[in-house]
Amino acid sequence: MGVVFAKTPKGHDEIATKAGGLTPRVRRVLIFVDGKRSVDELRGMLQSDDLQHTLGMLEEEGYIELAGLTDKGGQNVAVQAPLPSITAFRELPGDHDPVDLQRARNFMTNTLKAFNGTLGASSLLDRIEEAAGHAGLRALYDEWYHTIVMTREGKREAESLRSKLLQVI
């Protein structure tokens, strides 16, 4: 099944006025969201390494919303209940698990070292180690992701790494 997004009134205003300060790359993704194309169709058109993350950010900021689902044949599927958000981060439980926090910290650190080397991301590695809690790591998520996709191997593995990190961050 494919997910279909549509622009909200805020998204239409952004297209008309450019008042939201979106980067050209993010704005291009917003322009292509039309309430008809699935995420898979957008992925084929936009050659964006971080399309899912960009769509999640646009959704979080209120520029787009889930409009529906399509089946494998591209036909619209009736939605029986409200669709969940694709917000990048999961809801954190009331009692924060220190093991999950350390897993997220280790995952971010190890992937940076593996794909970029210790010297290539030393300041980001330091900030990850100093981050206070899940909120601190989440604030560094965008920089972590973009640092990973700057490498050839990182581009290939980006979506897999992203989904693994989002399970614990």
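Which backbone oxygen does the side chain of Arg 27 reach? In this predicted model, the partner is Glu 14, whose backbone oxygen sits 3.0 Å from the Arg 27 side chain. Arg 27 itself belongs to helix H2, which runs over residues 24-32. Its relative accessibility is 14%, so Arg 27 counts as buried, given that the cut-off for buried is under 20%. Looking past the neighbours within four places in sequence, you'll find Arg 27 in contact with Ile 15, Lys 18 and Leu 22, as well as with Glu 14.

Now hop over to helix H3, residues 39-46, where Asp 40 lies. Asp 40 counts as exposed because its relative accessibility is 51%, and the line for exposed is drawn at over 50%. If you go from Asp 40 to Gln 52, you cover 12 residues in sequence, and the two C-alpha atoms are 10.0 Å apart in space.

Next, the nonpolar cores. The largest one has 23 residues, and the members that touch the most others are Met 108, Leu 112, Ile 128, Leu 137, Trp 144, Leu 165 and Ile 169. Four helices each give two or more residues to this core: H5 (98-116), H6 (122-130), H7 (133-148) and H8 (152-166). H7 gives the most, with six residues.

Leu 165 makes a handy viewpoint here. Setting aside its neighbours within four places in sequence, Leu 165 is in contact with Ala 104, Phe 107, Met 108, Tyr 141 and Trp 144. Apart from this largest core lies another, made of 15 residues, including Phe 5, Val 33, Leu 58 and Tyr 63.

How values were computed
Residues are numbered from 1 along each chain as its sequence is written. This is a predicted model: local features need pLDDT of at least 70, side-chain atom pairs count only at pLDDT 80 or more; totals for chains, interfaces and linings use all residues. Side-chain values use heavy atoms; hydrogens and water are left out. Buried means under 20% relative accessible area, exposed over 50%, partly exposed in between (1.4 Å probe, protein chains only). A nonpolar core is a set of buried Ala, Val, Leu, Ile, Met, Phe, Trp, Tyr and Cys residues joined through side-chain atoms within 4.5 Å. Contact means heavy atoms within 4.5 Å. A polar contact is a pair of N or O atoms within 3.5 Å; within protein, one must be able to donate a hydrogen and the other to accept it, and residues adjacent in sequence count only if both atoms are side-chain atoms.
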